[in-house]
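Open the model in a viewer and follow the stops below in order. Each stop says what to select and what is found there.

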Amino acid sequence: MRYRTLGNTGIVVSEVGFGTIPILKGSVPVLPDYYNLDDEEAIAVMGHAFRLGCNLFDTAIVPEYGDAEIKLGKFAGRIGRKHIIISDKARFYGGNEMYQAVRSSCENLNTYVDLYFVHQVGPEQEEAVFQKGGALDALAEWKQQGAVRFVGVASHYYDILLRGAKDSRVDVLQGSGNLLERGMLERIKEEPLFRRKGFLANKVYGAGLLPAHFPVGDLLGAVLSYPVSCALVGIGSTKQADASMAESVPLAIPPFEGVLRRLEKEFTPIACDRCQRCRCPKGTEIHTVFRQYQYYFLGKDFWALKKLGLNMENSARWCRECVDMPCLASCPRKVRIPDEMQKVWALVKTHKPGFTEYHTV
């Protein structure tokens, strides 16, 4: 295991961090069906990863991550709190809710938190988080009191992470990226402001789908070739810990075109790396639509179709009727976005009875 400094925090973290979703037990929406660890099993897996050199463990508040936060607290008490870095998060955006969330987290963990993130901040929550009295102010207050060492923002949106990089209250950031969806990481690499903030990268395995198509070492090496402090991966067994942490990770990233060629053996991928530069006048998140299309063929077919079915009919119609097409001018990979949107709509129509033609809303 190698280590990196977490921005300007002074903390040194392992290049690979332990994501705790797979150690949950019970009926939790984010829990994969094939995991269901009790306390001792979970502590044993975390201990195995720790012995392999992992020192950063990422969780989220109960009940969002089920009992993972509680299990991590028990592990911290057993292994010795000073030996690990705890990263926690909550999906609360107002100051009062976030303040209470941190209190609950510290009670569940029975200790302080090293990194605490406002979780999954999207455009709808952005102003509530950053405004006076919002979630960031609440975390900053806990930081002053010593319950939180460093304040963070976690988001899948580049513009929100950039705003966090500019905000003096924010010490660390957490965003997504992988071998296929590398566009946001490319932009982060080009922006000097991010160098001052510690950065944790999630979705390294593409929601667990990419290891079926690419070696784990390539997936980790790709993300770690960018200026990130730690690559977070979900670990639910000692075998998975061995695969992600036992060997040194090569810092190399295959060309994007080579990744597409690998996937072309199974389906026709859309050449979108989710850089998020495209802008739709109607508000369609083009990069998210393309992501769900890719995920359908990568193995999450039911989940992807459910997401695509929410408004795909209107999105495809708007795209077909659009005259200005600003998305085409802003796409650095020259993706034929209108054509690809119709391709996605054709997929949805095939699998969702009743979606056979455009309707006026």
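**Stop one: H3 and H5**

H3 passes H5 in a right-handed crossing. The model is a predicted one. Select residues 95-109 for helix H3 and residues 135-145 for helix H5; their axes come within 7 Å and cross at roughly 40 degrees. The two helices, H3 and H5, are therefore oblique to each other.

Now show the side chains at the crossing. From H3, the contact takes in Gly 95, Met 98, Tyr 99, Val 102 and Arg 103. Facing them from H5 are Ala 135, Ala 138, Leu 139, Glu 141, Trp 142 and Gln 145. Sorted by class, the contact of H3 with H5 has 7 nonpolar, 2 polar and 2 charged residues.

**Stop two: Gly 134**

Next select Gly 134, in the loop between helix H4 (126-130) and H5. Is Gly 134 buried or exposed? With a relative accessible area of 1%, Gly 134 is buried. Leaving out residues up to four places away in sequence, Gly 134 touches Tyr 93, Gly 94, Gly 95, Ala 128 and Val 129. One of these, Gly 95, also belongs to the H3 side of the contact with H5. Add Phe 92 to the selection: Phe 92 and Gly 134 are 42 residues apart along the chain, and their C-alpha atoms are separated by 9.4 Å.

**Stop three: H11 and H12**

Move to helix H11, residues 286-298. Add helix H12, residues 301-308; H11 and H12 pack at an angle of about 155 degrees, with their axes 8 Å apart. That angle makes H11 roughly antiparallel to H12. The contact joins Val 289, Gln 292, Tyr 293, Tyr 295 and Tyr 296 of H11 to Asp 301, Trp 303, Ala 304, Leu 305, Lys 307 and Leu 308 of H12. By class, the residues of the contact between H11 and H12 divide into 8 nonpolar, 1 polar and 2 charged. The crossing of H11 and H12 is left-handed.

**Stop four: H11 and H15**

Keep H11 and add helix H15, residues 337-351. The axes of H11 and H15 come within 11 Å and cross at roughly 50 degrees, which makes H11 oblique to H15. H11 passes H15 in a left-handed crossing. On the H11 side, show Ile 286, Val 289, Phe 290, Tyr 293, Tyr 296 and Phe 297. These meet Ile 337, Glu 340, Met 341, Lys 343, Val 344, Leu 347 and His 351 in H15. The contact of H11 with H15 has 10 nonpolar, 1 polar and 2 charged residues.

**Stop five: His 287**

Stay on H11 and select His 287. At 6% relative accessibility, His 287 counts as buried. Apart from residues up to four places away in sequence, His 287 touches Cys 272, Arg 274, Gln 276 and Cys 278.

**Stop six: the cysteines**

Finally, select the cysteines. How many disulfides does the structure hold? The number is 0. Cys 54 is in no disulfide, and the nearest cysteine sulfur, that of Cys 230, is 6.9 Å away. At 0% relative accessibility, Cys 54 counts as buried.

Then go to Cys 327. Why is Cys 327 without a bond to Cys 319? The sulfur of Cys 327 is 5.7 Å from the closest cysteine sulfur, in Cys 319, which is too far for a bond; a disulfide requires sulfur atoms within 2.5 Å. Cys 327 is also buried, with a relative accessible area of 7%.

Conventions. Residues are numbered from 1 along each chain as its sequence is written. This is a predicted model: local features need pLDDT of at least 70, side-chain atom pairs count only at pLDDT 80 or more; totals for chains, interfaces and linings use all residues. Side-chain values use heavy atoms; hydrogens and water are left out. Buried means under 20% relative accessible area, exposed over 50%, partly exposed in between (1.4 Å probe, protein chains only). Axes are lines fitted to C-alpha atoms, for helices over the stretch in contact, and angles run from 0 to 180 degrees between N-to-C directions. Helices (H or I, at least four residues) and strands (E, at least two) are DSSP runs, numbered from the N terminus. Angles under 35 degrees count as roughly parallel, over 145 as roughly antiparallel, 65 to 115 as roughly perpendicular and the rest as oblique. A crossing is left-handed if the near helix is turned anticlockwise from the far one by less than a right angle, and right-handed if clockwise. Contact means heavy atoms within 4.5 Å. Ala, Val, Leu, Ile, Met, Phe, Trp, Tyr, Cys and Pro count as nonpolar, Asp, Glu, Lys and Arg as charged, and the others, Gly among them, as polar.
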